[in-house]
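I opened this entry to keep track of what I looked up, chain by chain and residue by residue.

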Amino acid sequence: MSFLAYQDPGNPWFSWQYVRDNGDTILAALREHVVLTAESVAIAAAVAIPLAVLAYWFRPLTGPILAFSGVLYTIPSLALFAFIAPYLGIGERTVVVPLVLYALLVVIRNSLAGLTQVPADVRDAAQGMGYGRFARLGRIDLPLAVPGILTGLRLATVSTVALVTVGVVVGHGGLGQLILLGFQSNYYKAEIMTGTLLCVALALVLDLTLLGVGRLLTPWTRRRAAR
Amino acid sequence: MSATDTPIQQAITWLNDPLNWAGPAGVWDRLGEHLWISGAAVALGCLVAWPIGVWLGHVGRGGGAVVVLSNLTLAIPVLALLTILPLTPIGFGKPPVIIALAVFAVPPLLANAYTGVREVDPEVSEAARGMGLSGGQLLRRVELPLAVPYLAAGFRTAVVQVVATATLAAFVNGGGLGQIIGAGFGLQNPGQIIAGGFLVALLALLVEGIFAVMQRAVTPRPLRRARRGAGRAERAAPAAIGT
């Protein structure tokens with residue numbers, strides 16, 4: 001690591017001094033990042049899981065639903081911001097809408113995979129016991145699809161945390177604000193690195209939290225894994 | 001353009017102005033930059049990811065590492081790499097942008113190359129070995145040809161992703177069509193913002209369409225049905241395995 005010695009001592013990659021002096025700014029950025037992520041994933045889940053159930057019940061709908069969300073997913077994030085910003089203005093709402101649209105595909109695809117993996121004999125048994133469509137959904141299909149749904153939510157959360165940074169284009173990029181501001185403030189490395197590290201750490205923490213929630217919701221998979 | 005026009009009308013006006021298309025920083029210029037950056041990034045990604053993925057699939061090891069890598073890159077903001085790389089010894093200009101985009105092209109390329117070679121029917125490789133093929137011959141004559149559909153699916157996913165991500169290069173003034181949107185936000189010109197968004201979205205959908213056709217063309221007919229939709233599914237699949 002001797003090359004560090006040649007670097008400009010005034011601009012280190014990380015500095016506790018910076019973190020101490022700008023604690024409020026960093027916390028505000030982190031808070032905005034968490035709120036934007038939570039809102040986006042929650043809305044996406046509220047829309048995507050019912051859509052997945054719809055596609056599960058009425059198989060012909062699967063193609064159109066997946067194709068539509070696939071097209072939305074292909075459109076670059078900056079383009080989505082560009083379409084929405086002139087109408088919703090420069091605010092947090094403009095950031096949430098594209099993030100929701102992106103998370104949709106991931107959650108729908110994985111929830112549907114989870115639902116279709118419910119074994120046919122389990123479904124038949126439920127039918128034989130007199131479960132109606134909704135009772136079966138609530139007590140059989142959805143609980144068994146939890147691993148698939150949670151995989152979708154985890155992937156959506158991790159990619160949303162990374163995507164929030166693109167919100168800097170309308171001034172609400174959470175930690176992305178630190179990253180871009182650091183770059184524009186004469187390449188202030190400590191600010192860029194602090195934003196980046198917090199971003200990756202946030203993704204990791206949220207991912208592990210959802211993993212833990214999944215474990216709690218599906219005790220039967222743990223017993224199987226323990227052999 | 002009158003102030004009472006809706007943003008959409010302003011966008012159409014913007015797109016109809018030949019001055020916005022010609023010259024440096026015109027649409028054609030930006031499109032050229034965009035395609036050049038994306039092409040270089042995908043090429044670099046292939047150069048790195050394919051040999052490693054094919055080798056790992058051939059020896060049948062490292063599946064876990066592939067999953068961890070794709071999950072990890074999912075968590076890294078593009079913006080972070082775009083701003084950090086120019087400050088390293090790589091320096092400013094196009095190279096840091098190309099490298100940053102290549103990083104995001106690697107996971108789909110790697111995962112599909114690995115899966116493609118790994119998923120070759122063991123009976124086929126057994127038969128090939130029984131016929132006296134060496135490890136290298138087995139790889140070249142049996143495993144690689146059978147992995148082509150997967151390689152094509154990964155290539156398509158990577159290209160679409162890189163072309164979409166290249167838009168963000170505008171944040172660090174790295175060129176490409178994103179610059180039009182970025183400049184539109186700077187000028188507070190809703191017409192230009194929407195026009196830029198339209199061009200970027202159109203390019204992404206066109207590229208997706210073209211490479212979907214290409215993927216179909218290089219996939220031998222008997223393999224088509226079974227591997228349908230491998231492109232995007234393969235991207236989500238490795239991560240799903242790791243859960």
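My notes below go from the interface to aromatic rings and then to single residues.

**Entry 1: the interface**

I am working with a predicted model. I began with the contact between the two chains. I found 40 residues of chain B in contact with 40 residues of chain A. The area buried between chain B and chain A came out at about 3400 Å². Carbon and sulfur atoms give 83% of that area.

Which three residues of chain B supply more of its buried area against chain A than any other three? I noted L87(B), F171(B) and F185(B), which together supply 18% of what chain B buries there.

Next I looked for charged and polar pairs across the interface. I got 0 salt bridges between chain B and chain A. I also got 0 residue pairs in polar contact, counting pairs with both residues at pLDDT 80 or more.

Then I asked which elements of chain B make up its side of the interface. Those giving two or more residues include helix 1 (7-16), helix 3 (63-75) and helix 4 (78-84) of chain B. Helix 7 (135-165), helix 8 (178-187), helix 9 (190-218) and helix 11 (230-241) of chain B are also among them. Helix 9 of chain B gives the largest share, 10 residues.

**Entry 2: aromatic rings**

I searched the whole structure for aromatic pairs and found 9 over all chains. I picked F14(A) and W16(A) to look at. Their ring centres are 5.2 Å apart and their planes stand at 90°, so I logged the pair as edge-to-face. The cut-off for that label is over 60 degrees. F14(A) is partly exposed, at 33% relative accessible area. W16(A) is exposed, at 57%.

I also logged a cluster that takes in both chains. F183(A), Y187(A) and F92(B) form one aromatic cluster.

One charge over a ring went into the notebook too. R133(A) lies over the face of W57(A), 4.9 Å from the ring centre.

**Entry 3: two positive phi angles**

I came back to Y187(A) for its backbone. Y187(A) is not a glycine, yet its phi is positive, about 55°. I placed Y187(A) in the loop between helix 8 (175-184) and helix 9 (189-217) of chain A. Y187(A) is partly exposed, with 31% relative accessibility.

N173(B) went in beside it. N173(B) is not a glycine either, and has a positive phi of about 60°. I found N173(B) in the loop between helix 7 and helix 8 of chain B. Is N173(B) buried or exposed? I read 62% relative accessible area, so N173(B) is exposed.

**Entry 4: two buried residues**

I looked up R136(A) in helix 7 (residues 133-164) of chain A. R136(A) has 13% relative accessibility, so I count this arginine as buried; the cut-off is under 20%. What does its side chain meet? I found a polar contact of 3.4 Å between the side chains of R136(A) and Q127(A). Beyond four places in sequence, R136(A) is in contact with Y56(A), R123(A), A126(A), Q127(A), Y131(A) and D141(A).

My last lookup was S38(B). This serine sits in helix 2 (residues 27-59) of chain B. S38(B) is buried, at 4% relative accessible area. Which residues touch S38(B), leaving aside neighbours within four places in sequence? I listed V162(B), V163(B) and A166(B).

How values were computed: Residues numbered from 1 in each chain as written. Chains lettered and ligands numbered in written order. Predicted model: local features only at pLDDT ≥ 70, side-chain atom pairs only at ≥ 80, totals over all residues. Heavy atoms only, no water. Phe/Tyr/Trp six-rings, centres within 6.5 Å; stacked < 30°, edge-to-face > 60°. Buried < 20%, exposed > 50% of the residue type's maximum accessible area, 1.4 Å probe, protein only. Lys NZ or Arg CZ within 6 Å of the ring centre and 35° of its normal. Contact = heavy atoms within 4.5 Å. Buried area = accessible area lost by both parts, 1.4 Å probe. Salt bridge = Lys/Arg side-chain N within 4 Å of Asp/Glu carboxyl O. Polar contact = N/O pair within 3.5 Å; in protein donor to acceptor, adjacent residues only side chain to side chain. Helix = DSSP H or I, 4+ residues; strand = E, 2+ residues; numbered from the N terminus.
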